[in-house]
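Reader: I'd like a close look at one part of this protein's surface, and then a walk through whatever else helps me picture the whole thing.
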Amino acid sequence: MMLSKATEYALRGLIYLAAQTPGEPVLSRDVAKYLGTPNQCVTKIFRTLAKRGLLESVKGRGGGFMLMPGAEKLNILDVVEAVEGHSSPHCILGLKVCADETACPVHCQWAHLRLQEMDMLRKHTIGAMAHALFAVSACA
């Protein structure tokens, strides 16, 4: 699966937020600095995530973005679907009709790989990835 830049930034941004103090909003410019991307890009992506219920947007002085309670339990697939919508299986060769009954030459192998990919995306949560990525710096 090829992730869009927006999905990559959303995923990395959520992981960063999960590593911050719970209940304290983080400025989008701080997330943008961490990601190395323009602040406007992060703000746009985070507004989408807030509309979809993954983030809370706090306005005014002391505002910013923070994870909604329980969002650390979201998995990678949840984030991909929040940004890109539900993905439907597609033919790797680009055929309009490719199903078990009308399979392309690589249909069976591709379907197997796609199932493995989806399983992997479901196994890894935002919270676990934040812990793995930021545990070393949290101990320093």
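Which residues make the nonpolar surface patch of about 330 Å²?

Author: The patch is made by I92, L93, L95 and V106. To count, a residue needs over 30% relative accessible area and no salt bridge; nonpolar side chains (Val, Leu, Ile, Met, Phe, Trp, Tyr) are joined within 5 Å, and like charges, for charged patches, within 9 Å. A salt bridge here is a side-chain nitrogen of Lys or Arg within 4 Å of a carboxyl oxygen of Asp or Glu. Areas come from the Shrake-Rupley method with a 1.4 Å probe, and for residues only the protein chains shown count as cover.

Before going on, remember that this is a predicted model: local features need pLDDT of at least 70, side-chain atom pairs count only at pLDDT 80 or more, and totals for chains, interfaces and linings use all residues. Residues are numbered from 1 along each chain as its sequence is written, while side-chain values use heavy atoms and leave out hydrogens and water.

Now zoom in on L93, one of the patch residues. L93 sits in the loop between α4 and α5, with α5 covering 107–123. L93 counts as exposed because its relative accessibility is 52%; the cut-offs are under 20% for buried, over 50% for exposed, and partly exposed in between (1.4 Å probe, protein chains only).

Let's step back. The protein has 6 helices and 2 strands, arranged along the sequence as α-α-α-β-β-α-α-α. Those are DSSP runs numbered from the N terminus: helices are H or I with at least four residues, strands are E with at least two. The C-alpha trace spans about 60 × 30 × 25 Å along its principal axes. Of the protein's 140 residues, 33% are buried. Outside, about 9,000 Å² is exposed, with carbon and sulfur atoms supplying 58% of that.

What about the inside? The largest nonpolar core has 32 residues, and L14, L17, V31, F46, L49, L55 and I126 touch the most other members. Two or more residues each come from α1, α2, α3, β2 (64–67), α4, α5 and α6. Helix α1 gives the most, with 7 residues. A core like this is a set of buried Ala, Val, Leu, Ile, Met, Phe, Trp, Tyr and Cys residues joined through side-chain atoms within 4.5 Å. Take L55 as an example: leaving aside residues up to four places away in sequence, L55 touches L14, L17, F46, L49, A50, F65, M66, L67 and M68. A contact means heavy atoms within 4.5 Å. Across the protein, among contacts between residues at least 6 apart in sequence, 62% join residues at least 24 apart.

There's some neat ring packing too, with 4 aromatic pairs in the structure. Y16 and Y34 are a stacked pair, 4.5 Å centre to centre with 20° between the planes. That pair bridges Y16 in helix α1 (residues 5–18) and Y34 in helix α2 (residues 28–35), 18 residues apart. Y16 counts as buried because its relative accessibility is 14%, whereas Y34, at 34%, is partly exposed. Y16 also pairs with F134, edge-to-face this time, at 6.2 Å centre to centre and 65° between the planes. Here the link runs from α1 to helix α6 (residues 126–139), with the two residues 118 apart. Together, Y16, Y34 and F134 make one aromatic cluster. Rings of Phe, Tyr and Trp (its six-membered ring) pair if their centres lie within 6.5 Å; planes under 30 degrees apart are stacked, over 60 edge-to-face, the rest tilted.

Last stop: charges. The structure holds 4 salt bridges. R114 and E117 form one of them, with the closest N and O atoms 3.6 Å apart. They are about one helical turn apart because they lie 3 residues apart in helix α5. Both R114 and E117 are buried. D119 and R122 also meet in a salt bridge, 3.7 Å from N to O, again with 3 residues, or about one helical turn, between them in α5. D119 is partly exposed at 41%, and so is R122 at 45%. Elsewhere, salt bridges that share partners join K5, E8 and R12 into one network. Within that network, E8 and K5 come to 3.4 Å between their closest N and O atoms.
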